[in-house]
Amino acid sequence: MADEGEIQYFAYGSNMSTAHTVAHCPSARAVTTATLLNYSLGFGRLSTGPLFVGGISTVAPEAGGTVEGVLFRVQRDELEAWDSDYAEDRYVRRTVQLLARRGARGNDTYLTQAELYVPEPVEGPFPPAGNY
């Protein structure tokens with residue numbers, strides 16, 4: 001049974017790195033891989049450093065689109081604290097529907113919901129940063 005203080009967070013791009021997500025949400029633990037439904041991946045924001053120089057990954061609604069990522073469980077208060085960092089960069093948190101995987105080979109799927117940071121507005125496209 002899940003802890004009542006835990007919520008699911010969908011990570012794409014550099015946030016799929018457990019080390020990166022744990023730096024912001026120390027309780028984070030990767031649960032499985034998942035597919036974000038009705039969104040597309042792009043490089044709609046420009047970063048000038050220090051970690052990335054160039055386009056950074058963003059998602060935007062797109063009927064029929066999909067984005068692959070990692071589903072994490074995190075403490076709600078940690079994700080709420082991360083909200084302020086994202087707000088400075090003009091991202092908003094949304095609840096989205098995902099197709100998550102379970103089983104040794106990940107061939108058993110189920111629908112679930114998770115929190116996701118979405119840029120508003122998307123400004124690119126830009127060439128991807130070299131780190132990608």
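This is a short talk on the fold of one chain and on its strand 1.

A word of caution to start: what you see is a predicted model.

I'll begin with the overall layout. The chain holds 2 helices and 5 strands. Read from the N terminus, the order is β-α-β-β-α-β-β. The radius of gyration comes out at 15 Å, and the globule rule gives 14 Å for 132 residues, so the chain is as compact as a globular protein of that length. Along the principal axes, the C-alpha atoms fill a box of roughly 40 × 30 × 25 Å.

Next, contacts and surface. If we take the contacts with a separation of 6 or more, 75% are between residues 24 or more positions apart. Of the 132 residues, 39% are buried. The accessible surface is about 7200 Å², and carbon and sulfur atoms account for 52% of that.

On charge, I count 10 positive and 16 negative side chains. The centres of those two sets are 7 Å apart.

Now to strand 1, residues 6–11. How many of its 6 residues are buried? The count is 6 of the 6, so the strand is largely enclosed by the rest of the structure. Buried here means under 20% relative accessible area. E6, Q8 and F10 point one way, while I7, Y9 and A11 point the other way. Both sets are buried.

Which strand does strand 1 pair with? Its partner is strand 3, residues 53–75, joined to it by 6 bridges. The two run antiparallel. To place yourselves in the structure, find I7 and look across to V74 in strand 3, which stands opposite.

That's it from me.

Conventions: Residues are numbered from 1 along each chain as its sequence is written. This is a predicted model: local features need pLDDT of at least 70, side-chain atom pairs count only at pLDDT 80 or more; totals for chains, interfaces and linings use all residues. Side-chain values use heavy atoms; hydrogens and water are left out. Buried means under 20% relative accessible area, exposed over 50%, partly exposed in between (1.4 Å probe, protein chains only). Helices (H or I, at least four residues) and strands (E, at least two) are DSSP runs, numbered from the N terminus. Two strands pair if DSSP finds at least two bridges between them. The radius of gyration is taken over C-alpha atoms; the globule rule is 2.2 Å times the number of residues to the power 0.38. Contact means heavy atoms within 4.5 Å. Accessible areas come from the Shrake-Rupley method with a 1.4 Å probe; for residues, only the protein chains shown count as cover. Lys and Arg count as positive and Asp and Glu as negative; His and the chain ends are not counted. The place of a charge is taken as NZ of Lys, CZ of Arg, CG of Asp or CD of Glu.
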